[in-house]
Amino acid sequence: MALHKKLTCLVFLLAFAGAVAAWLTSPFPVARPVTPAPVFNQPLDTSDWKTYRNEELGFAIKLPPRWEGYKIETKRDKQVFGWVEFSKEVEQENVSTNETAKFYLPILIIQVFTDEQWDREMSYGYPRYSLIAKDRGVVYSYITGQEMMPQERQEIKQVIGAFKLINAK
C-alpha cells in the first residue's frame with residue numbers, strides 16, 4: 001500500500017511539472033501591464049499665449065494660440081456657481097448619407113462651485129472634477145473632454161498650471 005501512495009504522488013508531481021513546463025514554454029503571449037511612453041518630455045513655451053480673464057468668476061488663465069478659434073462660453077445654473085467651457089469646432093461625416101455635420105466638442109471646462117456645492121458633488125463618491133484652487137468659499141475645478149489629441153492634453157496641463165485667481169482679497 002505504501003508503494004501505491006508513492007506511485008500516486010510521483011505521477012501527480014510529474015503531471016504538475018509537465019503543466020508548469022508547458023505553461024512556461026507556451027507560444028501565447030502573457031498579458032503584461034503597458035506603461036505608456038510620455039508624449040512630451042519638455043514643457044511647452046507659453047510666452048506667446050494670450051490671457052483669458054473671467055472677472056465674473058474670478059480667474060485668469062493663458063490659452064495657446066491654437067485655441068484662438070475655440071468657442072468660449074460662460075454658463076450658470078442652480079447646481080453650480082458657474083463654469084466656462086472651451087470647445088473646438090469639429091466635422092463629422094455621416095457614412096450613410098455622406099453629409100458632413102459641424103459641432104462643438106468640449107476640450108476643457110473650468111467649473112466654479114461654492115464650498116457647499118463642492119462638498120455635495122464630492123459626496124457622490126465618484127469625483128468627476130479635479131481641484132484647481134479654493135478661495136473664500138469658492139472652489140475652482142476642471143474637467144476635460146473625452147476626445148482629445150495628445151497635444152491638447154499637454155496644453156491643458158499648461159493652461160491649468162497658469163491658473164490665477166483675480167479679485168482675490
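Ala, Val, Leu, Ile, Met, Phe, Trp, Tyr, Cys and Pro are counted here as nonpolar, Asp, Glu, Lys and Arg as charged, and the others, Gly among them, as polar. The model is predicted: local features need pLDDT of at least 70, side-chain atom pairs count only at pLDDT 80 or more, and totals for chains, interfaces and linings use all residues. Residues are numbered from 1 along each chain as its sequence is written, and side-chain values use heavy atoms, with hydrogens and water left out.

The protein has three helices and eight strands. Helices (H or I, at least four residues) and strands (E, at least two) are DSSP runs, numbered from the N terminus. Along the sequence the pattern reads α-β-β-β-β-β-α-β-β-α-β. Of the 169 residues, 30% are buried. Buried means under 20% relative accessible area, exposed over 50%, and partly exposed in between (1.4 Å probe, protein chains only).

The largest pocket has a volume of about 170 Å³. A pocket is an open set of points on a 1 Å grid over the protein atoms alone, where a 1.4 Å probe fits, with protein on both sides within 12 Å along at least five of seven lines. Lining residues have an atom within 4 Å of a point. Grid points are joined across faces, edges and corners, and the volume is the space filled by probe spheres set on the points. The lining of the largest pocket consists of Asp 48, Lys 50, Thr 51, Tyr 52, Leu 63, Pro 64, Pro 65, Trp 67, Glu 68, Tyr 70 and Ile 72. Seven of these residues are nonpolar, one is polar and three are charged. Strand 1 (residues 50-54) supplies the largest share of the lining, three residues.

Nine aromatic pairs occur in the structure. Rings of Phe, Tyr and Trp (its six-membered ring) pair if their centres lie within 6.5 Å; planes under 30 degrees apart count as stacked, over 60 as edge-to-face and the rest as tilted. Tyr 52 and Phe 86 have ring centres 5.5 Å apart and planes at 80 degrees, so this pair is edge-to-face. Tyr 52 lies in strand 1 and Phe 86 in strand 4 (residues 82-93), so the contact ties together parts that are 34 residues apart in sequence. Both Tyr 52 and Phe 86 are buried. Phe 86 also pairs with Trp 67, in a tilted arrangement with 6.1 Å centre to centre and 45 degrees between the planes. This pair links distant parts of the chain, 19 residues apart: Trp 67 is in the loop between strand 2 (59-63) and strand 3 (71-75), and Phe 86 is in strand 4. Trp 67 is buried at 4% relative accessibility. For Phe 86 the value is 1%, also buried. Ring pairs join Tyr 52, Phe 59, Trp 67, Tyr 70, Phe 86, Tyr 140 and Phe 163 into a cluster. Tyr 52, Trp 67 and Tyr 70 are thus named both in this cluster and in the pocket lining.

Two basic side chains sit over rings. A charge counts as over a ring if NZ of Lys or CZ of Arg is within 6 Å of the ring centre and within 35 degrees of the ring normal. Lys 71 lies over the face of Tyr 104, at 4.4 Å from the ring centre. Arg 76 lies over the face of Phe 81, at 4.7 Å from the ring centre.Gln 117 is found in helix 2 (residues 115-123). The residue is buried, with a relative accessible area of 12%. A polar atom of the Gln 117 side chain lies 2.8 Å from the backbone nitrogen of Thr 114. A polar contact is a pair of N or O atoms within 3.5 Å; within protein, one must be able to donate a hydrogen and the other to accept it, and residues adjacent in sequence count only if both atoms are side-chain atoms.

Two loop residues other than glycine have positive phi values. Phi of Asn 98 is near 60 degrees. Asn 98 is in the loop between strand 4 and strand 5 (100-114), and is exposed at 56% relative accessibility. Phi of Arg 136 is near 50 degrees. Arg 136 lies in the loop between strand 6 (130-135) and strand 7 (138-144), and is exposed at 52%.

Gly 161 is placed in helix 3 (residues 150-161). The residue is exposed, with a relative accessible area of 63%. The C-alpha atoms of Gly 161 and Ile 132 are separated by 8.8 Å, at 29 residues apart along the chain. Thr 74, in strand 3, is partly exposed at 39%. Its C-alpha atom is separated by 9.7 Å from that of Ile 109, 35 residues apart along the chain.
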